[in-house]
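The following paragraphs lead the reader through one protein chain, from a single loop position to the sheet and then to the chain as a whole. Please keep the sequence and the model in view while reading.

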Amino acid sequence: MSDCIFCKIASKEIPSPLVYEDDTVVAFPDLEPKAPVHILVIPKKHIESLAALKEEDKELAAHILVDVIPQIARDLGIAEKGFRTVANTSDDGGQTVKHLHFHLLGGRFMQWPPG
Ligand code: 5GP
Ligand code: ZN
């Protein structure tokens, strides 16, 4: 999508230091980190949210959850102590950027419940 900030980061139109990249996924630090480690993991393909995932996206979604997020957590040294993965979805979910993204937060104890 032409006016989507995360599509522009995925296509490198907007430069961002990437902590992970493969054919279908990129990950980069959040602009306003809420924890010592705060990474956004996104599909390169524009998908609006978790609620917009289609049958054809199953492999991509599994890849992000099974392969990418645990690998980044290991690479950044937060896998052992633990981390939080969040996908805010639509208005009540607090989603501000309408391109599917998984927050990967770690490096401190996470309170529950979130606000
Ligand atoms: P949401 O509120 O949609 O779950 O999360 C969007 C996140 O994207 C926020 O944590 C916000 O700080 C981050 N963000 C918004 N614009 C940019 C940007 O241009 N670059 C980066 N790296 N993060 C952004
Ligand atoms: Zn997009």
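Where is the place of Asn88? In this predicted model, Asn88 belongs to the loop between E4 and E5. Its relative accessible area is 25%, and Asn88 is therefore partly exposed, since the buried class ends at 20% and the exposed class begins over 50%. Leaving aside residues up to four places away in sequence, Asn88 touches Gly93, Gly94, Gln95 and His103. The C-alpha atoms of Asn88 and Phe102 are 7.9 Å apart in space, although 14 residues separate the two in sequence.

The loop between E4 and E5 also holds Ser90. Ser90 is not a glycine, yet its phi is positive, at about 60°. With 37% relative accessibility, Ser90 counts as partly exposed.

The strands on either side of this loop are themselves paired. E4 and strand E5, which covers residues 102-106, run antiparallel to each other and are joined over 4 bridges. Within this pairing, Val86 has His103 in E5 as its bridge partner. His103 is also one of the residues that Asn88 touches.

From here the view can be widened to the sheet. E4 and E5 belong to an open sheet of 5 strands, ordered E1-E2-E3-E5-E4 with antiparallel pairing. Its edges are formed by strand E1 (20-21) and strand E4 (83-86), each of which pairs on one side only.

At the other edge, E1 and E2 pair in the antiparallel sense over 2 bridges, and a hairpin of 3 residues joins E1 to E2. Glu21 stands opposite Val26 in E2. E2 in turn pairs with strand E3 (residues 37-43), again in the antiparallel sense, over 5 bridges. In that pairing the bridge partner of Ala27 is Val41 in E3.

How many of the 5 residues of strand E2 are buried? The number is 4, so strand E2 (residues 25-29) is largely enclosed by the rest of the structure. As a general matter, side chains in a regular strand alternate between the two faces of the sheet.

Two further backbone features lie outside the strands. Lys12 is located in the loop between helix H1 (5-10) and E1. Its phi is near 70°, a positive value in a residue other than glycine. Lys12 has 49% relative accessibility and so counts as partly exposed. The segment after E5 contains Pro113, and the peptide bond leading from Trp112 to Pro113 is cis, with omega near 5°.

Taken as a whole, the chain has 2 helices and 5 strands, which follow one another from the N terminus as α-β-β-β-α-β-β. Its C-alpha trace spans about 35 × 30 × 30 Å along the principal axes. The radius of gyration is 14 Å, which agrees with the value near 13 Å for a compact globule of 115 residues. Of the 115 residues, 37% are buried. Among contacts between residues at least 6 apart in sequence, 53% join residues at least 24 apart.

The surface and the charges complete the picture. The accessible surface comes to about 7,100 Å², and carbon and sulfur atoms account for 55% of this area. The chain carries 12 positive and 17 negative side chains, with the centres of the two sets 4 Å apart.

How values were computed:
Residues numbered from 1 in each chain as written. Chains lettered and ligands numbered in written order. Predicted model: local features only at pLDDT ≥ 70, side-chain atom pairs only at ≥ 80, totals over all residues. Heavy atoms only, no water. Rg over C-alpha atoms; globule rule 2.2 N^0.38 Å. Buried < 20%, exposed > 50% of the residue type's maximum accessible area, 1.4 Å probe, protein only. Contact = heavy atoms within 4.5 Å. Areas by Shrake-Rupley, 256 points an atom, 1.4 Å probe, with all protein chains shown as cover. Lys, Arg positive; Asp, Glu negative; His and termini not counted. Charge placed at Lys NZ, Arg CZ, Asp CG, Glu CD. Pairing = 2+ DSSP bridges.
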